[in-house]
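Hi everyone, thanks for coming. I'd like to walk you through one protein today, so get comfortable and have a look at the screen.

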Amino acid sequence: MPSSLSELHEPFVEWVYDHSDDAPAGHVDFREFSEAHGLTLDASFELLRQCKDHGFMADSQSTLGTPMAKLSGYGRRWVEARRRRRTDKVQRVKAARNRLLVWLWERQREGAGMPVVEDFLKSPKSIFEGAQMAPDEIDQAAASLRDKGLIHGIEVAQRRGPVRAETTDEGNQCVEEHDGDVSEYERSQRTGGVHFGGDNKGAFSVGGYKVQNNSTFIEADTAAKAMGVVEQYRQAKPTIPLPAEVEAEVVEAIDEVEREIASGTPDKGRLRHALERAGNHLNTAVAGAVGNLIAAGALELAAQLH
């Protein structure tokens, strides 16, 4: 039996969701769930009450002493949204990277020297939206953190990332100043703004990137607008309700826009294509007003690059 019923809220809601379709009028007898978790009858009803208080369950008719649960509309939407996030490759990559970095930082503070990276899978931090992360995801996260200079460690030929690792000074800064959010830390390392000098020919800076300004590539204001699209999307991303597969496409396109600017000699064709991809995927009804607004800016800028 768990030390606290609150630990069972999420698995209970998902269990009821999985059994609702075959239940009369959606009322699920959850004695099987209670038995699997060692719950008494009183604890079963208390779990149901707590989930009702959180809005996951609807009020049901008298069940004559049998523990029965029925999902509310909110509860059903919560499970469906959680499962979309669970299978979202972009969110999984970010979660694995950020959580592994924080876990290594914690081990370092405890005095552990070069802990085994795979031991992260024994930590609650390795549970993403109710599901265990895979060893391959953690290996890839370790490789990414190493490449970014946030960790270093011992490597073997069979793995992409270090098998034992610890945080670097930069990794510690990421955790202590940015709560382990690697993307946020990287953005903070770039100076903001667009700076021009003289007659605006030659090189200029956009978001900390040095960009060549000549007839072969793009103009200064275009580069600045492109980086504006990148920052607008990243700030608004949590509020844009896209399906997981569409969100992954947008994130990839936005990252491509930034890579072009960061190259120092952004190509018009590649930049236009990336902006069009981002705009077209955002230009849908489900993206909402904010998503549509960012889409309009991206597509307008892409049109100027023809």
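Let's start with a word we'll need: a residue is called buried when its relative accessible area is under 20%, and exposed when that value is over 50%. Take Cys-174: its relative accessible area is 0%, so this cysteine is buried. Cys-51 also comes out at 0%, so Cys-51 counts as buried too. Now, a disulfide is a covalent bond between the sulfur atoms of two cysteines. How many disulfides does the structure hold? Zero.

One thing to keep in mind the whole way through: this is a predicted model.

Okay, the overall picture. The protein has 306 residues, and 45% of them are buried. There are twelve helices and nine strands. If you take the contacts with a separation of 6 or more, 55% of them are between residues 24 or more positions apart. As for the outside, about 15,800 Å² is exposed, and carbon and sulfur atoms supply 50% of that.

Back to Cys-174, because it belongs to a group. Helix 7 has these buried residues: Gly-171, Asn-172, Cys-174, Val-175 and His-178. What covers them? The cover includes strand 6, which is residues 164-167, along with helix 5 and helix 8.

Now follow helix 7 to its end. Just after it comes Asp-179, with a positive phi of about 55°. Why bother pointing that out? Well, most residues other than glycine have a negative phi. Asp-179 is not a glycine, yet its phi is positive. You'll find Asp-179 in the loop between helix 7 and helix 8. Is Asp-179 buried or exposed? Its relative accessible area is 70%, so it is exposed.

There's another residue like that. Met-114 isn't a glycine either, and it has a positive phi of about 50°. Met-114 sits in the loop between helix 5 and strand 3, and that strand is residues 127-128.

Let's move to helix 5 itself, and pick out Val-102, which is found there. Val-102 has 16% relative accessibility, so it counts as buried. Which residues does Val-102 touch, if we skip its neighbours within four places in sequence? The answer is Lys-125, Val-175, Asp-179 and Gly-180. Two of those names should ring a bell. Val-175 was one of the buried residues of helix 7, and Asp-179 was our exposed one in the loop. In sequence, Val-102 and Asp-179 are 77 residues apart, but their C-alpha atoms are 7.9 Å apart in space.

Last stop: the largest pocket. It holds about 1,200 Å³ of space. The lining is made of 40 residues, and the ones nearest the centre are Val-90, Lys-94, Ser-183, Lys-237 and Val-251. By type, the lining splits into 19 charged, 16 nonpolar and five polar residues. Several helices supply at least two lining residues each, among them helix 4, helix 8, helix 9 and helix 10. Which helix gives the most? That would be helix 5, with nine residues.

So if you remember one part of this model, I'd pick helix 5. Helix 5 carries the buried Val-102, helps cover the buried residues of helix 7, and gives the most to the lining of the largest pocket. Thanks, and I'm happy to go back to any part on the screen.

How values were computed. Residues are numbered from 1 along each chain as its sequence is written. This is a predicted model: local features need pLDDT of at least 70, side-chain atom pairs count only at pLDDT 80 or more; totals for chains, interfaces and linings use all residues. Side-chain values use heavy atoms; hydrogens and water are left out. A disulfide is a pair of cysteine sulfur atoms within 2.5 Å. Buried means under 20% relative accessible area, exposed over 50%, partly exposed in between (1.4 Å probe, protein chains only). On a 1 Å grid over the protein atoms alone, a cavity is a set of points where a 1.4 Å probe fits but cannot get out, and a pocket is an open set with protein on both sides within 12 Å along at least five of seven lines; lining residues have an atom within 4 Å of a point. Grid points are joined across faces, edges and corners, and a volume is the space filled by probe spheres set on the points. Helices (H or I, at least four residues) and strands (E, at least two) are DSSP runs, numbered from the N terminus. Ala, Val, Leu, Ile, Met, Phe, Trp, Tyr, Cys and Pro count as nonpolar, Asp, Glu, Lys and Arg as charged, and the others, Gly among them, as polar. Contact means heavy atoms within 4.5 Å. Accessible areas come from the Shrake-Rupley method with a 1.4 Å probe; for residues, only the protein chains shown count as cover.
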